[in-house]
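This report describes a two-chain model, taking burial and charge pairing within the chains before the interface between them.

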Amino acid sequence: MQLMSPARAAGSAIREGRGRLPPWLPFLVPSLVIFAVFAIYPVVDAAITSVCRYNLTEPDARRVFIGLANYRDMVIDPRFWGGLGRSFQFAIVSVTGSLLLGFYIAYLLNQTGYGKGLFRTVFLIPMSVSATITALAFKFMLNIEFGIINAALDKVLGIKVNFLGNPALALWSTAAIDIWQWTPLVVLILLAGLESLPVEVYEAAAIDGAGAWRMVRHVTLPLMKRFVLIAALIRTMDAFRVYETIQLTTAGGPGTLSETLNVYVAKRAFSFFEMGPASAMGLFLAFLIIFIATIFVRKSGAFQELVQ
Amino acid sequence: MSTYKTLRIAGQLYRYVVLTVFAGLCIFPLLWIALTSLKPDVGEFNYDMSLNFTPTIVNFADVLTRDAYRYYLLNSAIIGVGVVMVTLPIGAMAGYAMARFRFRGKDNFFFFVLSTRMGPPVTIAVPLFLLMLGADLIDTKGGMVLVYVFMNLGLCIWMCRGFFEDMPRDVEEAAMLDGLDHWGVFLRIAIPLAIGGLVATAILVFLFTWNEYFFASILTQSDAKPFTVHLPSYFGNRRLRWGPLSAASLMGAIVPVTLAWIARRYLVEGFTFGTVRGRR
């Protein structure tokens, strides 16, 4: 019989534990309680509210069961579909924009020796400032009368653009603000990926005579797949949840032309206090996002190596 | 000079120009706000864009004394510290369990934790609003702390797990042989060894709490109102005063930017749920 070393024996004790209660349980109990109260209970409660009529503006408001009426109303509500469409438009533009720009900047930064640290430090600013401040700062800078951006445009091109008030531009302007805020994060994620690549790969490819573009396309990107997927996942989740960037700049306007589903749901719940429809749409949005996230996570394997 | 060398210098120059422009874009809004905050307040609906002015701190004084902005900043700080003090011990415990024990359903629990950050806040906003209403916690700092503890717990668990995982097991195993139980190992060995990572986690939790707007805008009115909820009132339809708006924004921005700089080595890790490790 082979003897276990004392350290191994202790190690298996750590893993398996002894006694009645599993040793890991007490470590998890506080977290489980918090998740039960703040994640599981709200979702169950939202599911119940979603099949009820519950309008807080009415006197003696209480939940009255009305079956699937809220979901039926949701499906025939053009504002719901409009919001959903704009959520996708916003997410696609914001995510692709920040990924493309982010990759390019990370690629350039990776080749840079002198000043790299300074650039990295500056890139921390947009992601660490509150989206509230970002939204208000851009609302100020984009202002048609007092904004520096319009003043610059006026001086150089002789035009002024109502970025946040123009029906054709409002949604894209908010997406641009989102790109501004989150591209630096993409840069830092992808830079971590680029820095982790072995130098030999490049040398081998360079000897084979691969040009810069082919090198990126066939060597760098495939090796960086995990980092690109993580960046894409995080950016997509956040893009669907964007609130301040829209609410505090255009408030969904003009009309509803920059109103994403997230913003619409919040409006139904906390401006009109129609808790039933808001819950139905909120659940729909949650399932949609978690569905997309699950595909990312399961297909990409981006999180697999963390969950052994 | 050979063509090759010229090309290389040109390439380098181009790279620095692009990077500098991008860095400039990153820093410009904050810079513009800082400049505006130092300009004399010219009253509502007025703004002089020229850089020809005598710097003044009147906007800061105005915002801090007349507008009670200091109370909202203080609220943000109190709530942030409270959240860190509750989240960190709980998250560290769970993170330690995830790093050091094997149990059934661990993967699922992990993905569940991840989904709490992925899901849109608006989905649970209605039930939480009703829950807080029922528990009489609307507009209380304690209630806000509870909500933010939940919002940051997932991040905290994922990050702490990574730090504990990185530590060599030998020390803990030796300590167990010396008679320490799991709690003893956790408190006396694991936490001191992971303290750098735990501090970084605390900083990030504070930063995310400090910056939050959505839940605060629903769940607070005055007593527990953080600065993020007060800030948009400077941009109302009846009030448009650039100086105070900029001064207030700048004060709200300096704290997280400083914290991000302190925890810079861990920042990307925090924003990516510990999936991307930067260079330490």
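A residue is called buried when its relative accessible area is under 20%, exposed when that area is over 50%, and partly exposed in between. By this criterion D62(B), with a relative accessible area of 12%, is buried. The model discussed here is predicted.

**Chain A as a whole**

Chain A contains 14 helices and 2 strands. Its C-alpha trace spans about 75 × 70 × 30 Å along the principal axes. The radius of gyration of chain A is 25 Å, whereas a compact globule of 308 residues would have a value near 19 Å. Of the 308 residues of chain A, 54% count as buried. Among contacts in chain A with a separation of 6 or more, 64% join residues that are 24 or more positions apart.

**Salt bridges**

Side chains of opposite charge can pair when their charged atoms come close. Over all chains, the whole structure holds 16 salt bridges. The table lists four of them, including one between the chains.

| Residue | Partner | Closest N to O distance |
|---|---|---|
| R268(A) | D77(A) | 3.6 Å |
| R241(B) | D62(B) | 2.8 Å |
| E165(B) | R161(B) | 3.0 Å |
| D238(A) | R117(B) | 2.8 Å |

In chain A, R268(A) and D77(A) meet in a salt bridge. R268(A) lies in helix 13 (residues 261-270) and D77(A) in the loop between helix 3 (69-75) and helix 4 (78-110), so the pair ties together parts that are 191 residues apart in sequence. Both partners fall under the 20% limit: R268(A) is buried at 16% relative accessibility, and D77(A) is buried at 15%. D77(A) and R268(A) are also linked with E274(A) in a network of salt bridges.

In chain B, R241(B) forms a salt bridge with D62(B). R241(B) lies in the loop between helix 11 (227-230) and helix 12 (242-262), and D62(B) lies in helix 2 (residues 58-66), so this pair ties together parts that are 179 residues apart in sequence. R241(B) is buried, with a relative accessible area of 10%, and D62(B) is buried at 12%.

The pair E165(B) and R161(B) lies within helix 6 (residues 141-166) of chain B; because the two are 4 residues apart, they are separated by about one helical turn. Here E165(B) is partly exposed at 27% relative accessibility, whereas R161(B) is buried at 5%.

**A buried phenylalanine in chain B**

F206(B) is part of helix 9 (residues 195-211) of chain B. With 14% relative accessibility, F206(B) counts as buried. Beyond residues up to four places away in sequence, F206(B) touches A77(B), G80(B), V81(B), V84(B), V255(B) and L259(B). The C-alpha atoms of F206(B) and I79(B) are 8.7 Å apart, although 127 residues separate the two along the chain.

**The interface between the chains**

In the interface, 103 residues of chain B are in contact with 107 residues of chain A. The area buried between the chains is about 9,200 Å², and carbon and sulfur atoms give 80% of this area. L19(B), F22(B) and M118(B) supply 7% of the area that chain B buries against chain A, more than any other three residues.

The count of salt bridges between chain B and chain A is 1, and the side chains of D238(A) and R117(B) meet in a salt bridge. Across the interface, 11 residue pairs are in polar contact. Helix 1 (residues 3-37) of chain B gives the most to the side of chain B that touches chain A, with 17 residues. By class, that side has 73 nonpolar, 17 polar and 13 charged residues.

Notes
Residues numbered from 1 in each chain as written. Chains lettered and ligands numbered in written order. Heavy atoms only, no water. Contact = heavy atoms within 4.5 Å. Buried area = accessible area lost by both parts, 1.4 Å probe. Salt bridge = Lys/Arg side-chain N within 4 Å of Asp/Glu carboxyl O. Polar contact = N/O pair within 3.5 Å; in protein donor to acceptor, adjacent residues only side chain to side chain. Nonpolar A, V, L, I, M, F, W, Y, C, P; charged D, E, K, R; others polar. Buried < 20%, exposed > 50% of the residue type's maximum accessible area, 1.4 Å probe, protein only. Rg over C-alpha atoms; globule rule 2.2 N^0.38 Å.
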